Every structure is written in structure tokens, then in C-alpha cells.
Amino acid sequence: LGQLRIRLSEHGLPMIHSFQVTERYVILVVCSLRVEPHLIGSKLFVLMEPFAGVETLGWRGEQETTVYVMDLESTSPTAGPVRTFVTDPMYM
């Protein structure tokens, strides 16, 4: 399948909620909703407060959404995406 590295930056870590799988590909959508490192603190791990982790999210509408397509039939553990698309900011 390969690998994809998404770095934590000043723009935060992308919130990746799910991915799509076809017969041949995995489709990973890296959206404009980010986990903001400066807001995490202990909020992400507080189980007594419902939805406490939501307070760590931030919308980065100035950043485009990137779609990565990975080949399920690839046997190389270091293979990157077979296609990469950039689109308007969104969250799905």
C-alpha cells in the first residue's frame, strides 16, 4: 500500500475522520479542519466532558484540501500516492 507522511505544522494537524476504499485504491482526503496544537492541552483527554476534543479544532479555510490516492495492489512499503489532487477547502 505504501505510506503518506502528513507533518504537523503551524497550521495544525489535519482532522482526518475517515477514508474511502475501492477495489483498487484507498482515497484519503486531507481537509481544512485542523487540530490546533496550542488548544490541545488536556482537553483532548478529558473523558468527563462530552465533546471536549471539539474545542481543539480550527477551520483553516485559507488552506486547500488535498486528496491522495494510494494503490492497494502496491507491494512497496515506501510507495507514495499514485495521484494527488488539490481542491477547494472543505470537510467531509
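How many helices and strands does the secondary structure of the chain comprise?

**Exercise 1. State the secondary structure of the chain and the order of its elements.**

Solution. The model is predicted, so local features need pLDDT of at least 70 and side-chain atom pairs count only at pLDDT 80 or more, whereas totals for chains, interfaces and linings use all residues. Residues are numbered from 1 along each chain as its sequence is written, and side-chain values use heavy atoms, with hydrogens and water left out.

Step 1. The chain has one helix and seven strands; helices (H or I, at least four residues) and strands (E, at least two) are DSSP runs, numbered from the N terminus.

Step 2. Read from the N terminus, the elements follow the order β-β-β-β-α-β-β-β.

**Exercise 2. Determine the strand order of the open sheet of three strands and identify its edges.**

Solution. Step 1. Two strands pair if DSSP finds at least two bridges between them. The order is β1-β4-β5, with antiparallel pairing.

Step 2. Because β1 (13–14) and β5 (57–59) each have a single partner strand, they form the edges, and one side of each lacks a neighbour in the sheet.

Step 3. β1 is joined to β4 (residues 33–35) by two bridges. Pro-14 has Arg-34 in β4 as its bridge partner.

**Exercise 3. Characterise the surroundings of Arg-34 in strand β4.**

Solution. Step 1. Arg-34 has a relative accessible area of 9% and is buried, where buried means under 20% relative accessible area, exposed over 50% and partly exposed in between (1.4 Å probe, protein chains only).

Step 2. A contact means heavy atoms within 4.5 Å. Leaving aside residues up to four places away in sequence, Arg-34 touches ten residues' worth of neighbours listed here in full: His-11, Gly-12, Leu-13, Pro-14, Met-15, Thr-56, Leu-57, Gly-58, Arg-60 and Gln-63.

Step 3. A polar atom of the Arg-34 side chain lies 3.4 Å from the backbone oxygen of Cys-31.

**Exercise 4. Establish how strand β6 (residues 65–71) is paired and whether it is buried or exposed.**

Solution. Step 1. Six bridges link β6 to β3 (residues 25–30) in antiparallel fashion, and Val-29 stands opposite Val-67.

Step 2. β6 also pairs with β7 (residues 83–87) in the antiparallel sense, over five bridges; here Tyr-68 has Thr-84 as its bridge partner.

Step 3. In a regular strand the side chains alternate between the two faces of the sheet. In β6, Thr-65, Val-67, Val-69 and Asp-71 on one side and Thr-66, Tyr-68 and Met-70 on the other are all buried.

Step 4. Seven of the seven residues of β6 are buried, so the strand is largely enclosed by the rest of the structure.

Conventions. Polar contact = N/O pair within 3.5 Å; in protein donor to acceptor, adjacent residues only side chain to side chain.
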